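Visitor: Could you take me slowly through one part of this model, the place where two of its helices meet, and then set that part in the context of the whole chain? I would like to know which residues make the contact and how they are placed.

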Amino acid sequence: KMLQRKLNRNEIEAKYQELMDKRNEEKRIKREEDRETKLKELKEDEEKTPEMIEEEMNEWDKQRDQEEADEDDPEAPNLDAMLDEQKEKLVEARNTQSDF
């Protein structure tokens, strides 16, 4: 119970949310850059009509959505791990104090 009081869950959740927001923004920017690159490639192909380009871009969007949905993101923040890490630090601090 003492640990629960010292463990500021709201603070950790806020930090987690901040990290997730940053991660999602980075992914969004990367997707936009990749999309622009693909669109540029298609426009350079003189045989493609605007309709064909639009159709291929729609297909690209669908595939990218699916890839992102299937993707395990090992670099994404993990709330449980963040909470466990904080608990371990509190236990270590408590054990260090009780040694005196």
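Guide: Contact here means heavy atoms within 4.5 Å, and with that meaning aspartate 61 touches Arg31 and Arg35, when residues up to four places away in sequence are not counted. The model is a predicted one, and every value that follows is computed from it.

Aspartate 61 is a useful place to begin, for it lies in helix α3 and its two partners, Arg31 and Arg35, are listed among the residues that α2 brings to its contact with α3. Since buried is the word for a relative accessible area under 20%, aspartate 61, at 17% relative accessibility, counts as buried.

From the other side, aspartate 34 lies in helix α2 and, leaving aside its neighbours within four places in sequence, is in contact with Trp60 and Arg64. With a relative accessible area of 22%, aspartate 34 is partly exposed, because that class takes in the values between the 20% limit for buried and the 50% limit for exposed. The C-alpha atom of aspartate 34 is separated by 21 Å from that of glutamate 46, a residue 12 places away along the chain.

Turning to the two helices themselves, α2 spans residues 9–44 and α3 spans residues 50–70, and their axes come within 11 Å of each other while crossing at roughly 150°. An angle over 145 degrees counts as roughly antiparallel, and α2 and α3 are therefore roughly antiparallel to each other. The crossing in which α2 passes α3 is right-handed. On the α2 side the contact is made by Lys30, Arg31, Asp34, Arg35, Lys38, Leu39, Leu42 and Lys43, and on the α3 side by Ile53, Glu56, Met57, Trp60, Asp61, Arg64, Asp65 and Glu68. Sorted by class, these residues comprise 11 charged, five nonpolar and no polar ones.

Glutamate 54 is also found in helix α3, and at 52% relative accessibility this residue counts as exposed. Its C-alpha atom and that of leucine 90, which is 36 residues away along the chain, are separated by 56 Å.

Beyond α3, asparagine 78 is found in the loop between α3 and α4, the latter covering residues 79–98. Asparagine 78 is partly exposed, with a relative accessible area of 43%, and its C-alpha atom is separated by 36 Å from that of glutamate 56, 22 residues away along the chain. Glutamate 56 is itself one of the α3 residues in the contact with α2.

As for the whole chain, the model has four helices and zero strands, and from the N terminus on its elements run α-α-α-α. The radius of gyration is 23 Å, well over the 13 Å that the globule rule gives for 100 residues, so the chain is more spread out than a compact globule. Taken along the principal axes, the C-alpha atoms fill a box of roughly 80 × 20 × 20 Å. Of the 100 residues, 17% count as buried, and aspartate 61 belongs to that class. Among contacts between residues at least 6 apart in sequence, 77% join residues at least 24 apart.

Methods: Residues are numbered from 1 along each chain as its sequence is written. This is a predicted model: local features need pLDDT of at least 70, side-chain atom pairs count only at pLDDT 80 or more; totals for chains, interfaces and linings use all residues. Side-chain values use heavy atoms; hydrogens and water are left out. Axes are lines fitted to C-alpha atoms, for helices over the stretch in contact, and angles run from 0 to 180 degrees between N-to-C directions. Angles under 35 degrees count as roughly parallel, over 145 as roughly antiparallel, 65 to 115 as roughly perpendicular and the rest as oblique. A crossing is left-handed if the near helix is turned anticlockwise from the far one by less than a right angle, and right-handed if clockwise. Ala, Val, Leu, Ile, Met, Phe, Trp, Tyr, Cys and Pro count as nonpolar, Asp, Glu, Lys and Arg as charged, and the others, Gly among them, as polar. Buried means under 20% relative accessible area, exposed over 50%, partly exposed in between (1.4 Å probe, protein chains only). The radius of gyration is taken over C-alpha atoms; the globule rule is 2.2 Å times the number of residues to the power 0.38.
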